[in-house]
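Let's take a walk through a protein chain together. Have the picture open while you read, and look up each piece as we reach it.

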Amino acid sequence: MSDVQAIVAQMSLEEKAALCTGVNAWATTPIPRLNLPELFMSDGPHGIRRVPDGHLNTKSLPATCFPTASSLAATWDVVLLNRLGQALAEEAIALKTNLILGPGVNMKRSPLCGRNFEYFSEDPHLAGELAASLIDGIQSRGVGTALKHFAANNQEFERFSINAQVDERTLREIYLAAFETAVTKAKPWSVMCAYNKINGTYASEHYQLLTKILKEEWGFAGFVVSDWGAVHDRTASLQAGLDLEMPGPKQTHINAIIEAVRDGRLQQQTLDEAVRRIVGVALLARQTPKSGCFDAAAHHALARQVAAEGMVLLKNNGLLPLQNPQQLAVIGRAAQQPHFQGGGSSHINPTQVDLPFVELQKVAPWAELRFAPGYPDDDCFEPALIAEAVTIAQTADVALLYIALPTFKESEGYDRHDLDLTEQQVALIQAVTAVQPNTVVILNNGAPVVMRDWLDGTAAVLEAWLMGQAGGGAIADILFGRVNPSGKLAETFPLKLSDTPAHLNFPGENGVVRYGEGLFIGYRYYDTKEVPVQFPFGHGLSYTTFTYSNAQLSATSFSDMTDVTVSVDITNTGTLAGKEVVQVYVHDQEARLIRPFKELKGFAKILLQPGETQTVTIPLNFRAFAYYDPAYHQWITEDGQFDILIGASATDIRCTLTATVHSTLQLPTILHNESTIRAWFDDPIGKPILEPMFNELTKQGGLFGNDATADTAIGIDMLSFLMDLPLRSFLHYREESLTQPADDVANMLLEQVHGATS
Ligand code: BGC
């Protein structure tokens with residue numbers, strides 16, 4: 001008997017019910033007589049919010065505030081995220097935390113979601129790979145993670161109750177895919193269910209999601225924890241596969257479990273299964289002694305490095321890196337009061353904070369810095385602050401504008417109403433750029449802002465995100481070329497809000513949000529609809545240049561079961577060392593179902609010295625070519641040609657290769673009574689069965705057995721007309737030419753198809 005089984009076997013019903021419910025806001029119920037310790041959880045994901053007591057939101061202990069997920073994603077660096085994970089684990093251990101509540105891999109369906117700063121990307125491949133690496137780093141040090149918020153939690157508006165209506169294919173390809181990657185690759189100790197409903201059922205009671213897909217299909221072995229307060233019906237949630245309810249204490253729910261088992265509404269084995277999962281993780285956690293301290297200075301330095309790697313140079317007319325400016329006008333409140341993290345459950349009490357202004361002076365000690373706040377920290381319009389900023393900008397060599405999107409515009413708990421900076425900030429940028437052409441805008445925000453009203457006047461724009469406690473120094477590093485920028489966007493920056501994919505269906509009404517745009521979020525939408533954007537997915541500038549050459553596939557014609565690789569030579573053609581993020585997208589030339597024009601299926605980040613060339617190799621497997629077909633309820637491939645697009649961003653494709661894929665799938669037929677002639681002809685088994693009879697029945701060209709001239713009289717092309725007719729209806733039209741009743745003929749043909757596929 002395993003340790004887990006031995007413990008579960010000795011537990012009373014009351015102890016089991018208590019274990020499935022938090023003992024306080026952050027810990028599970030310990031059972032000292034069985035030597036089962038509490039499991040202590042703290043928010044993440046970009047730092048440890050270790051609340052010192054069992055209360056929900058008292059001030060947390062000091063911890064390193066690393067950049068938030070928007071910034072982490074823009075690094076496109078799985079190795080760095082793994083290192084960051086290890087640092088987070090060290091802090092967790094020192095702060096006596098067993099499990100970090102993160103990361104979050106919800107998709108950025110709309111840039112308006114107030115919590116996008118805590119999520120990685122609009123692309124599930126990128127989000128899944130990055131999360132897997134972060135989880136792996138954390139868990140490699142014996143600290144657990146809770147991958148969240150499962151699933152379809154893509155907005156803050158009515159987040160506790162909204163019903164997300166998402167079709168099966170969209171769920172699988174977009175909203176579940178990053179979870180799937182992270183679960184199957186990195187095996188997080190737990191998964192946190194979302195607050196919202198999915199297609200009418202609370203995530204906390206969603207048997208299909210929690211048990212069928214997560215646990216059975218993906219083989220998830222950890223426990224499912226509720227988001228804090230997401231449980232409504234405790235029995236229903238246990239039956240659905242929700243193991244641990246948080247926060248506690250919650251005696252009414254403990255009693256509900258006990259009563260449900262006693263009166264037979266809840267099977268003992270369902271409860272035991274939840275208990276087994278929680279005990280398993282608690283025993284795993286017990287192996288890592290929680291003590292010691294962490295190296296705050298080293299982690300601060302890591303936070304600075306990560307922040308710099310995630311910063312995206314959106315625009316540069318050549319002003320950056322700054323060469324030798326003597327007079328710098330430093331404008332913007334955020335230069336002195338940095339906005340480096342978001343509001344809500346991820347809010348960290350930092351060990352120290354670098355002020356951008358101070359860090360600038362350290363990096364450029366020769367320069368004379370003058371400061372003006374430029375804007376207030378509320379939504380007021382104050383022309384005097386703008387006038388003051390213009391005065392110092394006019395006489396300086398360069399103006400640096402530190403623009404932070406205020407908390408009232410972006411946070412956990414509420415969505416954004418627009419994608420704009422404040423009116424004052426826009427006016428400030430316009431006024432400063434009008435007098436100073438050498439103006440750099442540095443942005444602190446967790447999600448895209450629109451720039452049409454001010455971008456043209458700027459010399460450069462640096463997206464610095466919610467950059468963590470050491471971000472002030474990272475900005476200085478980039479401005480002065482101590483670090484060559486290498487971040488690339490993990491989300492599209494649109495030109496305007498009304499261009500965004502979910503615009504007509506966000507945030508929903510009457511308690512329902514319909515994911516009407518389906519698969520087409522982010523670049524999948526802009527690409528396919530040919531909607532111009534401000535900055536595309538994958539975009540980011542460097543102080544050097546790269547060329548792509550010699551692109552090759554390890555095979556050009558292969559079966560979907562073969563893993564292939566794409567390789568390409570990247571050369572640093574500039575004079576500075578720099579990093580490039582190479583992106584591989586796949587375009588399906590033809591498919592039975594609509595597909596996004598292209599999808600990211602691989603990426604790599606490499607460092608190249610000036611003049612150096614390296615070959616980058618990126619693997620592609622079955623899923624790089626497959627899509628989820630709801631007709632079969634599975635991922636499928638089709639025979640056909642695929643373009644492999646290798647590029648520096650979603651719109652900067654440098655090399656294109658073509659591959660022929662052979663599907664090995666033997667799919668059951670999807671032909672049925674109502675299937676059209678077209679569906680029969682599209683079906684590889686149905687076509688040869690129907691074709692001879694169809695040709696015979698249409699040889700004179702006309703629908704009613706007449707010659708084609710009769711149809712010409714009503715001005716149609718008869719063959720095209722017939723394609724959308726269900727076979728059964730067609731046979732009814734031609735019943736006179738058949739030897740048996742039309743329905744019998746239709747059934748006979750269908751039986752032949754089933755016979756051939758069974
Ligand atoms: C958030 C979670 C968080 C939890 C605990 C919830 O409101 O949605 O992300 O982990 O609180 O703070």
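Two strands count as paired if DSSP finds at least two bridges between them. Keep in mind that this is a predicted model.

## A small sheet

With that in hand, look for the open sheet of 3 strands, which runs in the order β18-β20-β23 with antiparallel pairing. Its edge strands are β18 (546-553) and β23 (613-620), and each of these pairs on one side only. From one strand to the next, the twist averages 25°.

What holds strands together in a sheet? Strands of a sheet pair through backbone hydrogen bonds, and the pairing can be parallel or antiparallel. Here, β18 and strand β20 (residues 564-572) pair in the antiparallel sense over 6 bridges. To see one for yourself, find Leu553: its bridge partner in β20 is Val566.

## How the chain is divided

The domain assignment splits the chain into domain 1 (38-246), domain 2 (304-535), domain 3 (546-662) and domain 4 (677-757). Take domain 1 and domain 3: their centres, taken over C-alpha atoms, are separated by 28 Å. The contact between them takes 13 residues from domain 1 and 17 residues from domain 3.

## A helix with two sides

Now jump to helix α20 (residues 686-697). This helix has 12 residues and reaches 17 Å from its first C-alpha to its last, close to the 16 Å expected at 1.5 Å a residue.

Which residues of α20 are buried? They are Gly686, Ile689, Leu690, Phe694 and Leu697. Seen down the axis of α20, these buried residues fall within an arc of 105°, so they line one face of the helix. Over on the other side of α20, Pro688 and Pro692 are exposed. And what do the buried residues of α20 pack against? Their partners are α19 (677-682), α22 (718-723), α23 (727-733) and α24 (742-757).

## Leu727, tucked away

One of those partners, helix α23, is where you'll find Leu727. Is Leu727 buried or exposed? Its relative accessible area is 2%, so Leu727 is buried.

Setting aside residues up to four places away in sequence, Leu727 touches Ser675, Thr676, Ile677, Trp680, Leu690 and Leu749. Leu690 should ring a bell, as it's among the buried residues of α20. You can also check Val745: it sits 18 residues from Leu727 along the chain, and their C-alpha atoms are separated by 9.9 Å.

## Arg524 and its contacts

Next up is Arg524, which has its place in helix α17 (residues 523-529). With a relative accessible area of 2%, Arg524 is buried.

What is Arg524 in contact with? Leaving aside neighbours within four places in sequence, the list is Glu122, Asp123, Pro124, Ile174, Leu519, Pro596, Lys598 and Glu599.

## Pro501, in a loop

Our last stop isn't in a helix or a strand. Pro501 is found in the loop between β15 (493-494) and β16 (512-514). Is this loop residue buried or exposed? Buried means under 20% relative accessible area, and Pro501 is buried because its value is 11%.

Who surrounds Pro501? Apart from neighbours within four places in sequence, Pro501 is in contact with Glu517, Phe520, Ile521, Gly522, Tyr525 and Tyr526. Try Gly518 as well: Pro501 and Gly518 are 17 residues apart in sequence and 9.3 Å apart in space, C-alpha to C-alpha.

Methods: Residues are numbered from 1 along each chain as its sequence is written. This is a predicted model: local features need pLDDT of at least 70, side-chain atom pairs count only at pLDDT 80 or more; totals for chains, interfaces and linings use all residues. Side-chain values use heavy atoms; hydrogens and water are left out. Helices (H or I, at least four residues) and strands (E, at least two) are DSSP runs, numbered from the N terminus. The expected span of a helix is 1.5 Å times one less than its number of residues. Buried means under 20% relative accessible area, exposed over 50%, partly exposed in between (1.4 Å probe, protein chains only). The arc is that of the directions from the helix axis to the C-beta atoms. Contact means heavy atoms within 4.5 Å. Axes are lines fitted to C-alpha atoms, for helices over the stretch in contact, and angles run from 0 to 180 degrees between N-to-C directions. Domain bounds come from an automatic or database domain assignment.
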